[in-house]
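Q: I am new to this structure and would like a close look at one part of it. Could you walk me slowly through how some of its helices pack, and what sits around them?

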Amino acid sequence: MEAFEILLPLALILLFAKLMGLGTHRLGMPAVIGMLVAGILIGVLQFIPWAPLQDALFSTDIMSALKIMSKIGVVLIMFSAGLGTDLKKLKQTGVASVVITIFGIFVPMLFGFLVAFLFDYFTPISLTNEPGAIGEFNLLSDLFYGAILTATSVSVTVAVLKELGKLDSKVGTSIVAAAVIDDVIGIIILSVLTGFASGTGENTGWSWFSPNAPMVVIKIVIFFIAAIGLGILLRMLFNVMERKSPHNRRVPIISLAACFLYAYFAEKIFGVADITGAYLAGILLGGTLSETPYVESKVDQMGYLFFSPIFFANIGIANIKMFSSINLQFLAFGAVFVVAALFGKILGCGVGAKITKFNYRESLRVGLGMMVRAEVILICTEKGVACGLVNPAVYPFIILIILISSVLTPVFMKLSYRREEKRLTTLQEPNENAESK
């Protein structure tokens with residue numbers, strides 16, 4: 001492939017992603033959905049049997065190049081998420097956010113695991129991405145399907161709460177803080193599962209209970225200790241750089257270098273997911289550093305301008321044929337999986353909120369607010385597919401989870417607050433009438 005040949009598919013991806021992103025944003029949904037739709041629309045062109053078109057857009061070399069750029073996009077998204085993770089939020093809500101997160105992670109994970117386990121054990125469908133695995137029971141794969149459902153993306157919820165003026169309320173602060181802890185624990189769970197997948201050398205049956213399992217755990221623990229220790233030294237270095245040269249380009253450049261190094265060594269040496277390394281690098285370099293907003297803005301500019309649209313669009317392009325070949329049994333699994341994803345978060349986070357003395361209405365709001373999924377669930381799914389633990393045929397249902405949660409959450413959150421406002425208005429009217437008399 002000549003270098004210039006990649007320019008045509010890149011131009012189409014960026015153009016379609018921007019147009020679709022603007023469209024979905026106006027509908028009140030995340031721009032991520034528009035990028036996915038863009039990829040699906042471009043991917044549909046694969047069904048046109050015209051050789052020059054196929055060579056220009058979907059040759060093996062072009063798809064390989066897009067895959068590499070997608071990987072960079074994923075790493076940048078997770079690094080940006082880490083930079084934007086404000087650990088100080090945890091102090092504002094204390095125990096409530098921790099309890100909400102614990103229930104909000106393990107209830108949907110249990111739901112997802114049970115759905116995958118039942119379909120994996122009692123039906124002949126294959127839930128893994130391993131050839132020849134049809135009808136084979138895979139406990140590690142079932143756990144990974146559960147881990148996928150732990151993801152939360154509250155960007156839509158935050159926008160709604162801002163619009164309603166409720167972001168700083170008890171519900172709003174609890175949702176934001178719980179989302180922070182949710183991401184951290186979810187990434188750790190993902191790291192452990194991918195570590196077992198890469199550490200055992202096999203992905204089938206009960207093989208992850210092998211003599212190699214303790215070594216996998218040890219490597220993961222060593223990674224976090226080493227990463228945090230190095231992160232402390234990096235923070236000291238960045239503090240010196242910020243004092244001498246504030247808002248200098250070298251700060252985001254060295255930050256990116258640290259992100260890529262963390263991602264590389266996480267997967268290469270410790271068997272931990274590269275996205276975990278990138279996310280941890282973001283957390284360690286974010287938070288209290290005065291230059292964090294500046295670094296985050298530069299990373300977002302590069303990521304969301306170029307690499308992130310390629311990642312989301314490439315999911316649609318690479319899996320469009322898989323979308324059209326789902327069998328009825330996998331369709332049944334996908335439908336139940338979607339229900340488990342939605343109700344798992346509502347129930348888990350809602351119960352956690354009720355335990356911490358929220359009333360029923362507030363608990364429902366917390367559950368609805370934490371139900372939204374976006375880029376993180378896609379990244380977790382992509383990682384599972386890459387590890388051979390997740391069947392790519394699940395992508396349409398992951399997209400459906402994003403669509404449904406992104407549409408329903410704003411609608412029900414607004415209805416909940418409007419009903420409360422009407423009730424308060426009704427209660428105030430008799431008092432005002434009595435005072436006038």
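A: Happily! Let's begin with one pair of helices: the crossing of helix 6 and helix 7 is right-handed. Please keep in mind as we go that this is a predicted model. On the helix 6 side, the contact is made by P108, M109, G112, F113, A116, F117 and D120. Facing them from helix 7 are L139, D142, L143, Y145, G146 and A147. Sorted by class, this contact has nine nonpolar, two polar and two charged residues.

How are the two helices set against each other? Two packed helices are described by the angle between their axes and the distance between the axes. Helix 6 and helix 7, the latter spanning residues 139–148, pack at about 140° with their axes 7 Å apart. The two are therefore oblique to each other, because only an angle over 145 degrees would count as roughly antiparallel.

Now stay with F117, one of the contact residues of helix 6. F117 is partly exposed, with a relative accessible area of 24%. The structure holds 14 aromatic pairs, and one of them joins F117 to Y121: the ring centres are 5.7 Å apart and the planes stand at 10°, so the pair is stacked. F117 and Y121 are four residues apart in helix 6 (residues 95–122), which means that about one helical turn separates them.

Y145, which belongs to the helix 7 side of the contact, leads us to another group of rings. Together with F119, F330, F333, F337 and F397, Y145 forms one aromatic cluster. Two members of this cluster, F333 and F337, both lie in helix 14, four residues apart, or about one turn of the helix. Their ring centres are 5.4 Å apart and their planes are at 25°, so this pair is stacked. F333 is buried, with a relative accessible area of 0%, and F337 is buried as well, also with 0%.

Since we have arrived at helix 14, let's look at its partner. Helix 14 (residues 328–355) packs with helix 15 (residues 360–370) at an angle of about 140°, with the axes 7 Å apart. That makes helix 14 oblique to helix 15, and their crossing is right-handed. Helix 14 brings K345, I346, C349, G350, A353 and K354 to the contact, while helix 15 brings Y360, S363, L364, V366, G367, L368 and M370. These contact residues divide into eight nonpolar, three polar and two charged.

What lies in the loop between helix 14 and helix 15? K357 has its place there. Most residues other than glycine have a negative phi. K357, however, has a positive phi of about 75° although it is not a glycine. K357 is exposed, with a relative accessible area of 73%.

One more pair is worth a visit. The axes of helix 4 (residues 60–83) and helix 12 (residues 274–285) come within 6 Å and cross at roughly 30°, and this crossing is right-handed. Helix 4 contributes K71, V74, V75, M78, F79, A81, G82 and L83 to the contact. From helix 12 come D274, I275, A278, Y279, A281, G282, I283 and L285. By class, the contact of helix 4 with helix 12 has 12 nonpolar, two polar and two charged residues.

Definitions and conventions
Residues are numbered from 1 along each chain as its sequence is written. This is a predicted model: local features need pLDDT of at least 70, side-chain atom pairs count only at pLDDT 80 or more; totals for chains, interfaces and linings use all residues. Side-chain values use heavy atoms; hydrogens and water are left out. Axes are lines fitted to C-alpha atoms, for helices over the stretch in contact, and angles run from 0 to 180 degrees between N-to-C directions. Angles under 35 degrees count as roughly parallel, over 145 as roughly antiparallel, 65 to 115 as roughly perpendicular and the rest as oblique. A crossing is left-handed if the near helix is turned anticlockwise from the far one by less than a right angle, and right-handed if clockwise. Contact means heavy atoms within 4.5 Å. Ala, Val, Leu, Ile, Met, Phe, Trp, Tyr, Cys and Pro count as nonpolar, Asp, Glu, Lys and Arg as charged, and the others, Gly among them, as polar. Rings of Phe, Tyr and Trp (its six-membered ring) pair if their centres lie within 6.5 Å; planes under 30 degrees apart count as stacked, over 60 as edge-to-face and the rest as tilted. Buried means under 20% relative accessible area, exposed over 50%, partly exposed in between (1.4 Å probe, protein chains only).
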